[in-house]
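Visitor: I should like to learn how to read a helix and its surroundings in a model. May we work through an example together?

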Amino acid sequence: MRAAVFQRAGAPLVIEQVAAPSPGPDDIILAVRRCGICGSDLHMAEIHGDGGGMAPLPAGAVMGHEFAGEVAEVGSAVQGFAVGERVTALPYRACGHCLACQSGRGYRCTQVRYTGLGQEGGAYAEYMRIGCHETLRLPPGVDFTRGALVEPLAVGLHAVNAARLLAGESVLVLGAGPIGLAVTLWCRYFGARHVVVSDRVPERLALAERLGASATVDATREDVMGVAKRHAGKRPEVVLECIGVPGSQQLAMDCAPMGGRIVNVGVCMAPDTIRPVKALTKELQINYVFMYRRQDFELILDLLDRERIDPSPMLTREIGFDDFPTAFESLKSDKTACKVMLRL
Ligand SMILES: [Zn+2]
Ligand SMILES: [Zn+2]
């Protein structure tokens, strides 16, 4: 089968013929139809030595963890899925039976193996292996493209849940990449009064407005906190940090009000310096979030099916294998694009 294969840090992916996966008893072989390129894939492809705690990708790895496709083959113990069904899956394989798995947090299972991060082949390929415990059917109203947006939407939903947002509160979203945009959508959905979104790229701010931002800040020329205060009438109660570069956590602390809540969802792999006294004197509540629960996927699939949310502005374009390595490279520097998807 064809796959976009990682070679080494900083080098482009190469389309190669690789061995197709075969299913274990609890596995499903998925014929991939769509897979989104994630910012963390771009990071992973550039890690040389110190990845800030992340293991470097081995040569030959196939990335891709935001996918949807058709069931091509089922393992001997799999029940409830048939060849040809349209599905998506959480991007890991786990036991399916322990407390963590049963509570929808299979990424805390002792047997977890992540998909597309070097442990298990990902969805930048014609076929991939997924676990039957992590697989979810796409409802009739959810096409493959939207099915592949469920994962980034789930990252945003999990972050907004962690913020314990109350309807009528105001929010400041730092960063309008795919995750900042997903966070913006959910803040609006859950009734935030004002959603102020900052970024340095005008194209991304325009997308934020389409996804529900009530005001945007161009951080290259405007004062983030000043605009947020002016628009919301006071400092927003909740700050969602979706940038993930050195300095962005401090910016969140500086912008937050007394007793404010901060959720850090931006993935920062570099060392960073913060001034804890700022958080201390403001008595900030600071959370970090990782992944999502299976229940988040279920809710999102249902809301997409009933057209209660519309993430379509997030999709920039879909491309085939031939254009994929070039598109992947250009995303490393082009910050005007949002979600670019492999289409098979
Ligand atoms: Zn991702
Ligand atoms: Zn488990």
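Guide: Let us begin with the exposed side of a helix in this predicted model. On one side of helix 6, Gly226 and Arg230 are exposed.

Visitor: Which residues of helix 6 are buried?

Guide: Val224, Ala228 and Ala232 are the buried ones in helix 6. Viewed down the axis of helix 6, its buried residues lie within an arc of 35°, so they line one face of the helix.

Visitor: Why do residues three or four places apart point the same way in an α-helix?

Guide: An α-helix has 3.6 residues a turn, so residues at a spacing of three or four places point the same way. In this structure, Val224, Ala228 and Ala232 of helix 6 are buried, while Gly226 and Arg230 on the other side are exposed.

Visitor: What covers the buried residues of helix 6?

Guide: The cover includes strand 10 (171-174), strand 11 (195-199), strand 12 (215-218) and helix 7.

Visitor: How should the packing of helix 6 and helix 7 be described, and at what angle do their axes cross?

Guide: One states the approach of the axes, the angle and the handedness. The axes of helix 6 (residues 224-232) and helix 7 (residues 248-255) come within 10 Å and cross at roughly 35°. This crossing is right-handed. Helix 6 contributes Val224, Met225 and Ala228 to the contact, and helix 7 contributes Leu251, Asp254 and Cys255. By class, the residues of this contact comprise 5 nonpolar, no polar and 1 charged.

Visitor: What follows helix 6?

Guide: Glycine 233 follows helix 6, and its phi is positive, near 85°.

Visitor: Let us turn to a loop residue. Where does isoleucine 274 lie, and is it buried or partly exposed?

Guide: Isoleucine 274 is in the loop between strand 14 (261-264) and helix 8 (276-282). Burial is judged by counting C-beta neighbours, and a buried residue needs 20 or more within 10 Å. Isoleucine 274 has 14 C-beta neighbours inside 10 Å and therefore counts as partly exposed. Neighbours within four places in sequence aside, isoleucine 274 is in contact with Gln249, Gln250 and Met253.

Visitor: Finally, how is the protein chain divided into domains?

Guide: The division gives domain 1 (2-137 + 311-343) and domain 2 (154-288). Their centres, taken over C-alpha atoms, are separated by 28 Å. Between them, 13 residues of domain 1 are in contact with 13 residues of domain 2. Helix 1 (residues 39-44) supplies the largest share of the domain 1 side, 3 residues. That side has 5 nonpolar, 6 polar and 2 charged residues.

Note on methods: Residues are numbered from 1 along each chain as its sequence is written. Chains are lettered from A and ligands numbered from 1 in the order in which they are written. This is a predicted model: local features need pLDDT of at least 70, side-chain atom pairs count only at pLDDT 80 or more; totals for chains, interfaces and linings use all residues. Axes are lines fitted to C-alpha atoms, for helices over the stretch in contact, and angles run from 0 to 180 degrees between N-to-C directions. Helices (H or I, at least four residues) and strands (E, at least two) are DSSP runs, numbered from the N terminus. A crossing is left-handed if the near helix is turned anticlockwise from the far one by less than a right angle, and right-handed if clockwise. Two residues are in contact if their C-beta atoms, placed from the backbone, lie within 7 Å. Ala, Val, Leu, Ile, Met, Phe, Trp, Tyr, Cys and Pro count as nonpolar, Asp, Glu, Lys and Arg as charged, and the others, Gly among them, as polar. A residue is buried if 20 or more other C-beta atoms lie within 10 Å of its own, exposed if 12 or fewer, and partly exposed in between; C-beta atoms are placed from the backbone. The arc is that of the directions from the helix axis to the C-beta atoms. Domain bounds come from an automatic or database domain assignment.
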